[in-house]
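Please work through the following exercises with the sequence and the three-dimensional model at hand. Each task is followed by a solution in steps.

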Amino acid sequence: MNVYDFLDKYIEYISAKQYAAETAKIRLRINRILQKEKLEITRSGTIVHESIHKSGESSGNPQDEVSVTKLTNFCVIPTHRLYVQGNDSRYIEEGVGVRIYTKLSKKKYKLIHLNLSNEMIEKGNWLNANYSAQDLILYKKSFYHHVCIAIKLSTRALASSEYKVFTDGYWYENEDESITIDEYEKMDRLIAEGIPNQLSLSNNQESEKPTVSGKHELLPFLAELSSLIETWPRFEKGTKPSTNDDSVVWFDREYYYLPYKQTWSTMEERLRDAGFYRTNDKDFRKGIEAILSAEQLIKIETETKSNRERADCNASVYKGKKLRVFKVYKARLENYLQTNSESQ
């Protein structure tokens, strides 16, 4: 696997308020785990190590003194376990997806989304500027031993459903709390063997719902997408919304820009409720995106280093804010719905 495929690096800048909201609960969980190792992620987003030594021994009144050493100017928060498929088709845990937060000023943080392989965590070479960023500081090389321990132990805070698998050239994120990696592996094996998958389906009637395979079946998806665009707040590209809500749409003369992860989460919920598709199928997203691309309804981005095509395009939606987005052709979406709806 290409190292840049594995890293899946993405950088954004967030407010101190957003940093606090994103990390408050998970930081407390992680710190409870790190407590035995005398490690802590501070409220401001650094990693510190506490050590205890004796003082006053010469006076015959020894006392414990606690000193706190700042190891880094950043903190590492795990988001997903990472699995790749081995030669025997079983999925092997090869690393962890993380968010790396660095405080730049009183009101601003840098956030790096990064995948770290087990080897990178052991060696510490992810701190190289080519992999992460120049402004991540490890104050002494010997401190990395503690940072390595902190990263490894902090993955215990992840739920069994919080994982990604690398398949067909990109990372697939599990979003179903009921599906562990073992169940996903079983599902994957059934699909490979041509056996209809009925995992996580409530009844046989639901298992008869179609997956996406053609233009006719794309219409319900596009109708829901058009409805979503109409109901979410819309802003001209370059405009900063008044809230941090991801359920917004930006637009310019040619495209709608929809936050990729939030759009898929909302669309899958809508389509399940409407009974159109079996949206918990592993290949559902890939099937939809392949047809959208073939019909030239969305923009596809090709990564320079890996030459990998992906539907989640990088876009600067306003100054200082970059997102992975669906870039939907405005005119083509409207024309497609009008033309194909009239032909039904």
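The exercises below treat cores, strand pairing, helices, backbone angles and salt bridges.

The model is predicted, so local features need pLDDT of at least 70 and side-chain atom pairs count only at pLDDT 80 or more, while totals for chains, interfaces and linings use all residues. Residues are numbered from 1 along each chain as its sequence is written, and side-chain values use heavy atoms, with hydrogens and water left out.

**Exercise 1. The nonpolar cores**

Task: Determine which residues of the largest nonpolar core touch the most other members, and which elements give two or more residues to this core.

Solution. Step 1: apply the criterion. A nonpolar core is a set of buried Ala, Val, Leu, Ile, Met, Phe, Trp, Tyr and Cys residues joined through side-chain atoms within 4.5 Å. Buried means under 20% relative accessible area, exposed over 50%, and partly exposed in between (1.4 Å probe, protein chains only).

Step 2: inspect the members. The largest core has 37 residues, of which Ile-100, Tyr-101, Leu-114, Trp-126 and Ile-151 touch the most other members.

Step 3: assign the elements. Helices (H or I, at least four residues) and strands (E, at least two) are DSSP runs, numbered from the N terminus. Two or more core residues are given by each of α2 (16–34), β2 (39–41), β5 (74–85), β6 (91–103), β7 (108–117), α3 (118–123) and α4 (144–154). The largest share, 6 residues, comes from α4.

Step 4: look elsewhere. Another core, of 27 residues, lies apart from this one and includes Leu-219, Leu-225, Met-267 and Phe-326. As background, nonpolar side chains in soluble globular proteins tend to be buried together.

**Exercise 2. The surroundings of β5**

Task: Establish how many residues of β5 are buried and in which sense β5 pairs with β6 and with β8.

Solution. Step 1: count the covered positions. In β5, 11 of the 12 residues are buried.

Step 2: examine the pairing with β6. Two strands pair if DSSP finds at least two bridges between them. β5 and β6 run antiparallel and are joined by 11 bridges; Pro-78 stands opposite Val-98 in β6. The two strands form a hairpin with 5 residues between them, and Ser-89 in the turn has a positive phi of about 70°.

Step 3: examine the pairing with β8. Strand β8 (residues 163–167) pairs with β5 in the parallel sense over 4 bridges. Within β8, Phe-166 is the bridge partner of Val-84.

**Exercise 3. The length of α8**

Task: Compare the expected span of α8 with the distance between its end C-alpha atoms.

Solution. Step 1: compute the expectation. The expected span is 1.5 Å times one less than the number of residues. Helix α8 (residues 260–274) has 15 residues, and so should span 21 Å.

Step 2: compare. The end C-alpha atoms are 21 Å apart, which agrees.

Step 3: list the covered residues. Tyr-260, Thr-263, Trp-264, Thr-266, Met-267, Glu-268 and Leu-271 are buried in α8.

**Exercise 4. Positive phi in loops**

Task: Locate Lys-38 and Gln-296 and state the sign of phi for each.

Solution. Step 1: recall the background. Most residues other than glycine have a negative phi.

Step 2: consider Lys-38. This residue, in the loop between α2 and β2, has a positive phi of about 60°. Lys-38 counts as partly exposed because its relative accessibility is 40%.

Step 3: consider Gln-296. This residue lies in the loop between α9 (284–294) and β13 (301–302), and its phi is also positive, at about 55°.

**Exercise 5. Salt bridges**

Task: State how many salt bridges the structure holds and which parts of the chain are linked by Arg-99 with Glu-22 and by Glu-185 with Arg-90.

Solution. Step 1: define and count. A salt bridge is a side-chain nitrogen of Lys or Arg within 4 Å of a carboxyl oxygen of Asp or Glu. The structure holds 12.

Step 2: take Arg-99 and Glu-22. Their closest N and O atoms are 3.4 Å apart. The pair links strand β6, which holds Arg-99, to helix α2, which holds Glu-22, across 77 residues. Arg-99 counts as partly exposed at 25% relative accessibility, and Glu-22 likewise at 28%.

Step 3: take Glu-185 and Arg-90. Their side chains meet at 3.2 Å, N to O. Glu-185 is in helix α5 (residues 181–192) and Arg-90 in the loop between β5 and β6, 95 residues apart. Glu-185 counts as buried at 7% relative accessibility, whereas Arg-90 is partly exposed at 47%.

Step 4: take Arg-310 and Asp-312. Their salt bridge has an N to O distance of 2.7 Å, and both residues are buried.
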